[in-house]
Structure formats: C-alpha cells, structure tokens
Amino acid sequence: MSAASCLLTEDQCLCSICLDVFTDPVTIPCGHNFCKTCITQHWNVNVPYQCPNCKEVFKIRPELRVNTFISEMAAQFRQPAQQETKLGKTETEIQQMIQKRQLKIQEIKHSVELSEEDADREIADGVQVFTALKESVERSQAELIDTIKEKQRKTEKQAEGFIKELEQEISELKKRSTEVEQLSSSEDHLHLLQSFRTLNTAPPTKNWTGVSVSPPSYEGTVRRAVNQLEKTLSKQMKKLFEVELKRVQQSAVDVTLDPDTAQPYLILSDDGKQVKHGDVKKNLPNNPERFNPCPGVLAKQSFSSGRFYYEVQVKGKTDWSVGVARESINRKGNIKLIPQNGYWTIWLRNENEYKALVDPPVRLSLKCQPQKVGVFVDHEEGLVSFYDVDAAALIYSFSGCSFTEKLHPFFSPDLNAGGKNSVPLIISPVNHTE
C-alpha cells in the first residue's frame, strides 16, 4: 500500500469537477476519473454523455463502478485533511473554553470587588451606628450619674442646714446652762431674784420632733435613663431599616399574576396587577396549576437564584396573605401556608391580627397597620423578609431557609366577606425611598 500510494500525487486524487479529493471515484471508458456523484449530476444535465476532461462522447451512458484503487488512494489523502480539520475544530473549541474561563475569572474578580465595596460600606455604616450608640450610652450614663449626684448634693445641703441650726441652738442652750449654774451658786439673793425671770425662760428653739433628713428616692431614675436610651436606639433602628429598605429595593422585579393558577372565584385585572375575591365562581378548567378551593394565585415570574423584591398594596383590606411559594406546592384542598409545605407567608385576619405563618404561628405586634408590604428574598442567604414600606420598618423575617427549586410570589386576597374585604391586592411599582 505504501508503494502504491507513492504512485499518485495529491493533484491526481482530486476530482476535476468538484476540485476536491475523490469521493467514491469512478473511471469512465476514456480512462478519466471523477466522483461518482459529480459525473452522475454532470450527465443528468449535459447530453450527450461527454467526458468533462477530454470531451470524448459516448453514445450510451456508461455504467459507473467505483475504482477501488483510486478510492483507497483518495482515502489516504483525505485522512490528513480530516485530521487537520478535526484538530482545527478542537483548537477552536479549546480557545473558546479558555476565553470563557478567562471571562469567568474576570466576572468572579468583579464580584469580589463589589463584595469588598459592600463590606467596606457596611463596616463604615456599622461603625457610624455603633459609635453613635456608644456615645449615646456614655452620655446617658453621665447624665444618670449627674442626676443621682445632684440629688445627693441637695440632701447633703439640707442636712448641713439642719446641723448648723442645731449647733447654734446647742450653743445657746450651753450658754444658758452656764448662766443658770453660775446664778444657782450665787449668794446674792437680790441678783438671783432679778435674773430668775429671764433665766427661767428657755431660749428660743425650733421644734425638731418632725424634722428629719430622708434619703433621696432614686426609684425610676435608671429606668427613665434607659427609656430615653431606648428612644435613641429606636431612632437609630429606624435609620438602619430605611437604609436596609433602600438596598433591598434595588432588587425590585416586575411581577404579574398568572391567571392559570387563580382560584375560580378570584377576579384578576387585565394588566395582571390586581386580584380580589368575587361572589361568582367562573367556569375554568381545574388544571393542576390552579388553586382550589384556597383563594390563592401565583405570579407568572419565578426565581431560582439571587435576590428579588416586590411590593403589594394591602390598604383597606381586612384579610390577606402574601409571600412566596415553591413551584411544586400542593394547590388543591385545604392548604396550610407554612415553610414545611413550601410557603413563606404572613397574613392579616380580622382587620388587626397579624401573624407569621410558621408552625405554630407567630403573632406580630405592629405599631401601625401596613398599607404597603414589601417582600424580599435572598436565595443564597436563605432569607425571606417582609417590610412595612411606608414606615420603613421590618415586619418579620424567615431565616435559615432552604430553597431547592424555583420560587413564585404568592397572593391571597382572601374571601370577599359580603363586601367587607372587597378591596383588591395591588402589585405596586417600586418607588425607591429617598
């Protein structure tokens, strides 16, 4: 084979029609060789049957048979070309893989840079807050000590005044005692009679029976100082939540309701931003995605990584539930909206009963009724947080959550209750707090 392969050059293994290495080479009666497909197509178009090279004409279309010798020679020439093509393709793929990994390195480095910036900003904010708190504690402590010392000074001053008066009276009484003693030993009876009336009367003194120095009362002093400190801390906490809310709002996403998941009694707006409970059950297919009988609906959008945030207006409602749910949740029958079942939600019942739905539920004591609720999810941190948007206050957080699949925003306007709870839940555009 090696000797035979030396008989033909690469040019001799090329078809003169397609100018490529022979594929299924055939020899026609004049002795010239062509790819079987090339000469067949040539003769299908050109009649009479003529050799493309020497122009010899054949009255009858020649029968074509593969020239095995030429075919083997062509294969010898084709292999290096194929290998070169494969090597070129492999090289291209390797270079693409290198570029992708270089881009990934840049992406990771950029993420680290952003993380460092976030960490530095968080440290700076934390130092500022704790410095202010430390100064506030030290100031409150100093004021507390001054208050107590001032009370003690007043007590001491009052005692000193009483002691000074008593000492003056003692001095007067001692002086009178000396005079009485001298007079009693005198033999001058006339002088005794003259002085007796004056000395027999006690010198003017104060009635000290009801006079006392009571230790000052410090009851409530520390408590009042701590209360004041608590107010300062509350102001700082409010500032912190305002900053926190600004940050989570950066993860805002556009959310619309999915009508295929809505319970048949629910009424959705045309833009998919509002939902309320109606009195008439719609004739809808009971597909697996649809809630029934739970008055719930999911958003079309789902999220499997990163962070996302949305806001829903709850103003005017007496009952509602909002949060997020796993894609695989059960949507039929009576549903318990707890994390074990794939739901992370809070709700309102009876106008003022707020609860975080864990097992057992946690009652939430809120200073004011939220008009708009913000829902924030951080997949990597395993966190679901709820905010009172207008008050910039944290309502509740589920932490340490494990998210193993896509999450959908979840909404339930609850029952209409004869019109008492007819106001819709409204998905609101996020206006970043100033």
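**Aromatic contacts, salt bridges and burial in the predicted model**

Lys206 is placed over the face of Trp208, at 4.8 Å from the ring centre. A second arrangement of this kind involves Arg331, which lies over the face of Phe291 at 6.0 Å from the ring centre. These contacts come from a predicted model, in which the average pLDDT of the protein is 89 and 93% of the residues score at least 70. Confidence is low over residues 1–6, where pLDDT stays under 50. For this segment the model has six contacts beyond four places in sequence. Where pLDDT is low, the predicted coordinates should not be read in detail.

Interactions between aromatic rings were examined next. The structure holds 11 aromatic pairs. One of them is formed by Trp43 and Phe58, whose rings meet edge-to-face, with 6.4 Å from centre to centre and 70° between the planes. Trp43 belongs to helix H2 (residues 36–45) and Phe58 to strand E4 (residues 57–58), so that this pair ties together parts 15 residues apart in sequence. Trp43 counts as buried, at 1% relative accessibility, and Phe58 is likewise buried, with a relative accessible area of 8%. Together with Tyr49, Trp43 and Phe58 make up one aromatic cluster.

The burial of Trp43 forms part of a pattern along helix H2, in which Cys38, Ile39 and Trp43 are buried. These residues lie on the same side of H2, because they cover an arc of only 120° around the axis. The face turned away from this buried side carries Asn44 and Val45, which are exposed. The cover over the buried residues of H2 includes strands E1 (25–27), E2 (33–35), E3 (49–50) and E4. Strand E4, which contributes to this cover, also contains Phe58, the aromatic partner of Trp43.

Ile39, one of the buried residues of H2, also serves as a reference point for the position of Leu144. The C-alpha atoms of Leu144 and Ile39 are separated by 109 Å, with their positions 105 residues apart along the chain. Leu144 is found in helix H3, which spans residues 68–184. With a relative accessible area of 18%, Leu144 is classed as buried, because this value falls under the 20% limit. Residues up to four places away in sequence aside, Leu144 touches Thr221, Val222 and Ala225.

Charged side chains were also surveyed. Side chains of opposite charge can pair when their charged atoms come close. A search of the whole structure finds 13 salt bridges. In one of these, the side chains of Glu63 and Arg65 meet at 3.5 Å, N to O, and both residues are exposed. Within helix H3, Lys104 forms a salt bridge with Glu107, the closest N and O atoms being 3.3 Å apart. The two residues are three positions apart in H3, so Lys104 and Glu107 are separated by about one helical turn. An α-helix has 3.6 residues a turn, so residues three or four places apart point the same way. Both members of the pair are classed as partly exposed, Lys104 at 41% relative accessibility and Glu107 with a relative accessible area of 45%.

The salt bridge between Arg307 and Asp378 has its closest N and O atoms 3.1 Å apart. This pair links distant parts of the chain, with Arg307 in strand E9 (residues 307–313) and Asp378 in strand E15 (residues 372–378), 71 residues apart. The two partners fall into opposite classes of accessibility: Arg307 is exposed, with a relative accessible area of 54%, whereas Asp378 is buried, with a relative accessible area of 5%. Elsewhere, a network of salt bridges links Glu122, Asp125 and Arg247.

A further position of interest is Asp270, located in the loop between strand E5 (266–268) and strand E6 (274–277). Asp270 is exposed, with a relative accessible area of 85%. The C-alpha atoms of Asp270 and Leu257 are 9.8 Å apart in space, the two residues being 13 residues apart in sequence.

Methods:
Residues numbered from 1 in each chain as written. Predicted model: local features only at pLDDT ≥ 70, side-chain atom pairs only at ≥ 80, totals over all residues. Heavy atoms only, no water. Helix = DSSP H or I, 4+ residues; strand = E, 2+ residues; numbered from the N terminus. Buried < 20%, exposed > 50% of the residue type's maximum accessible area, 1.4 Å probe, protein only. Contact = heavy atoms within 4.5 Å. Phe/Tyr/Trp six-rings, centres within 6.5 Å; stacked < 30°, edge-to-face > 60°. Lys NZ or Arg CZ within 6 Å of the ring centre and 35° of its normal. Arc of directions from axis to C-beta. Salt bridge = Lys/Arg side-chain N within 4 Å of Asp/Glu carboxyl O. pLDDT = per-residue confidence, 0-100.
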